[in-house]
Amino acid sequence: MKTAVVVGLGKIGLPLAAQFASKGMRVIGCDVLVEVVESVNAGKAHIREEAGLDEAVASAVRAKRLSATTDTTAAVQQADTVVVIVPLMVSPDRTMDYRSLDAATRAVGRGLKPGTLVVYETTLPVGTTRRRIAPMLEKESGIKAGAEFHLAFSPERLYAGRIFEDLRRYPKIVGGVDDASSKAAVAFYESVLDAEVWAVENRSLPKPLIATSTSPSPTSSPCTPRAGRSTSPRLSRPRTPSLTRTSTGRASASAATASRCTRTSSSAMPPTAS
Ligand SMILES: NC(=O)c1ccc[n+]([C@@H]2O[C@H](COP(=O)([O-])OP(=O)(O)OC[C@H]3O[C@@H](n4cnc5c(N)ncnc54)[C@H](O)[C@@H]3O)[C@@H](O)[C@H]2O)c1
């Protein structure tokens, strides 16, 4: 049985942990709050507003497929896949507070072994996975992202309160730091979700993501809407990304389109890419 570790058992993380367990994974949930860990290990959901979560957690714990711990590093040592969904706080002036994310990343890095897939689902500024997280994980683990462990970003697009419904409804978008990481992330999510999984190509972002001028975007921009679509002057994007087929036979979004144009649920956050 494969083991998935979910770091951050909050409004999103706990339902995700229960979802993965319902698909036959062994899941270890990690949180810094002892009361959260104790509650999960007792088979209880501390998140009240999520329909179906009580039963999902109770049943996963009863089946011994879900447990929780405060020791993220020890959990990660046993993991095939690690999903990080801790908060990144943003002040009104858009200053980021990375303390939770960095603490979680260091704890994950200390337990990381070759072959493990690590996916960040926290809403993050563009480039954070490559520029902040990858070096931190490499420093703590002594192994290389891409070459020795898989690393991907997959922005969480669920709405608290209807997570299980949204998990079935919205395609999951994943972007790895390299092709092997994307493939590993697609394979993981296809095994634990019923929705489609869209891989997006990883490529550098040579231009600013948000056009501040009032002049139209260049037509070659992947964020340029198709003819006839209305667009915002600040961020142009098509309603749906252009699709290609992945080797898995599932739909795949054109890389730059999805990675450069994805907005997350938080309106205070900038668009995201790995
Ligand atoms: N809530 C939403 O509707 C929503 C929607 C889309 C995306 N998101 C993204 O998901 C992130 C998490 O949202 P949430 O609503 O689940 O947050 P939450 O506050 O409900 O839960 C976060 C959990 O992470 C734990 N945590 C903090 N630091 C940790 C660490 N170092 N190690 C382990 N656990 C740690 C906290 O104790 C808490 O239990 C958000 O910051 C956002 O990026 C949330």
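**Figure 1. The shell around the ligand, by residue class and by contributor.** In this predicted model, the ligand's shell breaks down into 16 nonpolar, nine polar and three charged residues. That makes 28 residues surrounding the ligand, and the closest are G8, G10, K11, I12 and T123. If you're wondering which element gives the most to the shell, it's α5, with three residues.

**Figure 2. The protein as a whole, for orientation before the next close-ups.** The secondary structure adds up to nine helices and 12 strands. Of the 274 residues in the protein, 43% are buried. Take the contacts with a separation of 6 or more: 68% of them come from residues 24 or more positions apart.

**Figure 3. Helix α6, residues 128–141, with its bend and its packing.** The helix has 14 residues, and at 1.5 Å a residue it should span 20 Å; the end C-alpha atoms sit 18 Å apart, which agrees. There is a bend of about 30° at A134, with a proline, P135, following within four residues. The bend residue A134 is also one of the buried residues of α6, along with T128, T129, I133, L137 and S141. An α-helix makes a turn every 3.6 residues, so residues three or four places apart point the same way. What do the buried residues of α6 pack against? Their partners are α5 (99–111), β7 (117–120) and β8 (150–153). Just after the helix comes G142, which has a positive phi, near 80°.

**Figure 4. Strand β1 and its parallel partner β2.** Four of the five residues in β1 (residues 3–7) are buried, so the strand is largely enclosed by the rest of the structure. Its pairing with β2 (residues 26–30) is parallel and runs over five bridges. To find your way along the pair, look for V6, which stands opposite G29 in β2.

**Figure 5. Strand β9, between covered faces.** Here five of the five residues (172–176) are buried, making the strand mostly covered. Side chains in a regular strand alternate between the two faces of the sheet. In β9 both faces are covered: K172, V174 and G176 lie on one side, I173 and G175 on the other, and all are buried. How does β9 pair with β8, parallel or antiparallel? The two run antiparallel, joined over two bridges, and G175 is the bridge partner of F153. With β10 (residues 197–199), β9 runs parallel over three bridges; in that pair V174 stands opposite A199.

**Figure 6. V119 in strand β7 and its contacts.** Buried or exposed? V119 has 24 C-beta neighbours inside 10 Å, so with the cut-off at 20 or more it counts as buried. Setting aside neighbours within four places in sequence, V119 is in contact with T81, V83, A152, S154 and A185. Another residue to pick out is V84: it is 35 residues from V119 in sequence, but the two C-alpha atoms are 6.3 Å apart in space.

**Figure 7. Y98, in the loop between β6 and α5.** The loop holding Y98 links β6 (96–97) to α5. Y98 has 16 other C-beta atoms within 10 Å, which makes it partly exposed. L124 is 26 residues away along the chain, and the C-alpha atoms of Y98 and L124 are separated by 9.9 Å.

How values were computed:
Residues are numbered from 1 along each chain as its sequence is written. This is a predicted model: local features need pLDDT of at least 70, side-chain atom pairs count only at pLDDT 80 or more; totals for chains, interfaces and linings use all residues. The expected span of a helix is 1.5 Å times one less than its number of residues. The bend at a residue is the angle between axes fitted to the seven residues ending there and the seven starting there. A residue is buried if 20 or more other C-beta atoms lie within 10 Å of its own, exposed if 12 or fewer, and partly exposed in between; C-beta atoms are placed from the backbone. Two residues are in contact if their C-beta atoms, placed from the backbone, lie within 7 Å. A residue is near a molecule or strand if its C-beta atom, placed from the backbone, lies within 6 Å of it. Ala, Val, Leu, Ile, Met, Phe, Trp, Tyr, Cys and Pro count as nonpolar, Asp, Glu, Lys and Arg as charged, and the others, Gly among them, as polar. Two strands pair if DSSP finds at least two bridges between them.
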